[in-house]
Amino acid sequence: MSNSEKKRVVITGLGAITPIGNTLEAYWQGLMSGKNGIGTITAFDASQHGSQIAGEVKGFDPLDFMDRKDMKRAARFAHFAIATSKMALADAKLNITDLNAEQIGVMIGTGVGGIQVMEDQQEIYLNRGPSRCSPFMVPMMIANMAAGLTAIQTGAKGPNSCPVTACAAGSNAIGDAFRLVQNGYAQAMICGGTESAVTPLTFGGFSAARAMSTRNDDPTHASRPFDIDRDGFVLGEGCGILILEELEHALSRDAKIYAEIVGYGMSCDAYHMTGIAPQGEGAARALRLALKDGNLQPTDVSYINAHGTSTPANDPNETAAIKTVLGDHAYQITVSSTKSMTGHLLGGSGGIEGVAAVMAVANDKVPPTINLTTPDPDCDLDYVAGTSRDQTVNVALSNSFGFGGHNVTLAFKKYE
Amino acid sequence: MSDDILGKVQKIVSEQLGVDEAEVKPEANFANDLGADSLDTVELVMALEEEFDIEIPDEAAENISTVQSAVDFIKAKAA
């Protein structure tokens, strides 16, 4: 399909459940005020673990969004997705009816799905045998169930799927949804990422991989992207959802338009399971492809919501990738990692960070990187250290990179 | 004893299926009246096995479709 035949796609609704707020407004307020969402783990006794801190979602009641039976048969990552999707649809004032249901789809990514369910059932299996395993184990656990249940709960009968590209999953979901609307396969998509993996096994595995911060005595300063004293990522949980809509469809119903999504770039390092290709070579290709896809020049970029995990390896390599693609312009823009406040939501991160990037475009404000007191010498861009900033944001990019070498960049542009 | 069994079954059914205990009448059919699907039914039978410390074979479970039939089965096992 040539560019002229492709449809323009805009964002008409947003929703978020995060460690710093359980609505879009609370999340954005939290980002603007540099709120910290990290604390000592309450979900389980983590005293035997190397990392004992996380960005947990507080005060979320699934019953505000579904009845008790539906709650009981869904895992927390799916609760987040259902609730966030309903909030995003309400924000978009998009009603799903018999007339449009088949034209509205769902694309929600996740890294590990219902891993808590698997851990609980494994314990039952080992202690009491296979006959005591729940018939709901498989449907609750499987990663695609956030997308499946969101369709059941909203009535969206269109295209429905679930990328599982680790920490890139949420951004892949938004990009894939973009392609579906752009090419006429759906008029609107509920898309983003969700995660709830604050579980003993997850922490065991990531700790063994030496990926997590062990700043257990000082959790609020543990997620410190681009800082010289960073020592790993802090796991977060939550969900971010965008309503993507074909422009004419949005205009015909006088929908509020936050921004336009114009570019989707993806690549693979083809290098290492968990390591990053030197100088962020793969990430640079994703960035370049997103710009090309959106007919953008490097100088068009105003702001980048970085992957910025606060791991020793990610932050300088991502910085190098940005400089490779933007050249001198890299020093003229702002780059921030909102993971400094929310922690790293794995497959959910692309969702909430997509929301942040869109809000930056819509509001001409950029969120800060908190806890950045002494920049790593290899991280020499303007990371909006400490406090948010007013800035014209015509084009915002959102980066997400996942184990497996998956690199995704999304490009959002002011709608005009 | 029998009243106890009915009461316990009603409570379990109410909890498992997310319905009010008042709706869980003896003649209520799990699927038709209380909205249970096939997965709910399996889980319900497991919960009854736990509560009454009995084993309900699959063939028997197929015939347990109402609250009363569950009570009758449990009574017969206990007798």
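Analyst: A residue is called buried if 20 or more other C-beta atoms lie within 10 Å of its own, exposed if 12 or fewer do, and partly exposed in between, with C-beta atoms placed from the backbone. The structure is a predicted model, in which local features need pLDDT of at least 70 and side-chain atom pairs count only at pLDDT 80 or more, while totals for chains, interfaces and linings use all residues. Residues are numbered from 1 along each chain as its sequence is written, and chains are lettered from A and ligands numbered from 1 in the order in which they are written.

User: What makes strand β6 of chain A count as mostly covered?

Analyst: Eight of the eight residues of β6(A), at 188-195, are buried. A188(A), I190(A), G192(A) and T194(A) point one way, M189(A), C191(A), G193(A) and E195(A) point the other way, and buried residues therefore occur on both faces by the cut-off given above. The word strand here means a DSSP run of E with at least two residues, a helix is a run of H or I with at least four, and both are numbered from the N terminus.

User: How do you know which strands pair with β6(A)?

Analyst: Two strands pair if DSSP finds at least two bridges between them. Strand β4 (residues 104-109) of chain A is joined to β6(A) by six bridges, and the two run parallel; I104(A) stands opposite A188(A). Strand β7 (residues 238-246) of chain A shares eight bridges with β6(A) in the antiparallel sense, with T194(A) opposite C239(A). Both counts reach the minimum, so both are pairs.

User: Why are β5 and β10 of chain A said to stand at the edges of the sheet?

Analyst: The open sheet has 10 strands in the order β5-β4-β6-β7-β1-β8-β14-β13-β9-β10 of chain A, with mixed pairing. β5 (160-161) and β10 (334-336) each have a single partner strand, so one side of each lacks a neighbour in the sheet. Within the sheet, β13 (residues 395-402) and β14 (residues 406-413) of chain A pair in the antiparallel sense over eight bridges, and A396(A) has F412(A) as its bridge partner.

User: Why are helices α7 and α13 of chain A called oblique to each other?

Analyst: Helix α7 (residues 169-182) and helix α13 (residues 349-363) of chain A pack at about 60°, with axes 5 Å apart. Axes are lines fitted to C-alpha atoms, for helices over the stretch in contact, and angles between N-to-C directions run from 0 to 180 degrees. Under 35 degrees counts as roughly parallel, over 145 as roughly antiparallel, 65 to 115 as roughly perpendicular, and the rest as oblique. The value of about 60° fits none of the named ranges, so the pair is oblique.

User: Which residues of α7(A) and α13(A) meet?

Analyst: A169(A), G170(A), S171(A), A173(A) and I174(A) in α7(A) meet S349(A), G350(A), G351(A) and G354(A) in α13(A). Residues are in contact if their C-beta atoms, placed from the backbone, lie within 7 Å.

User: What makes S38(B) count as exposed?

Analyst: S38(B) has 9 C-beta neighbours inside 10 Å and therefore counts as exposed. S38(B) lies in helix α2 (residues 38-52) of chain B. An unreviewed UniProt entry annotates S38(B) as "modified residue: O-(pantetheine 4'-phosphoryl)serine". UniProt positions follow the numbering used here, feature names are shortened, and annotations may be inferred rather than shown by experiment.

Conventions: Two residues are in contact if their C-beta atoms, placed from the backbone, lie within 7 Å.
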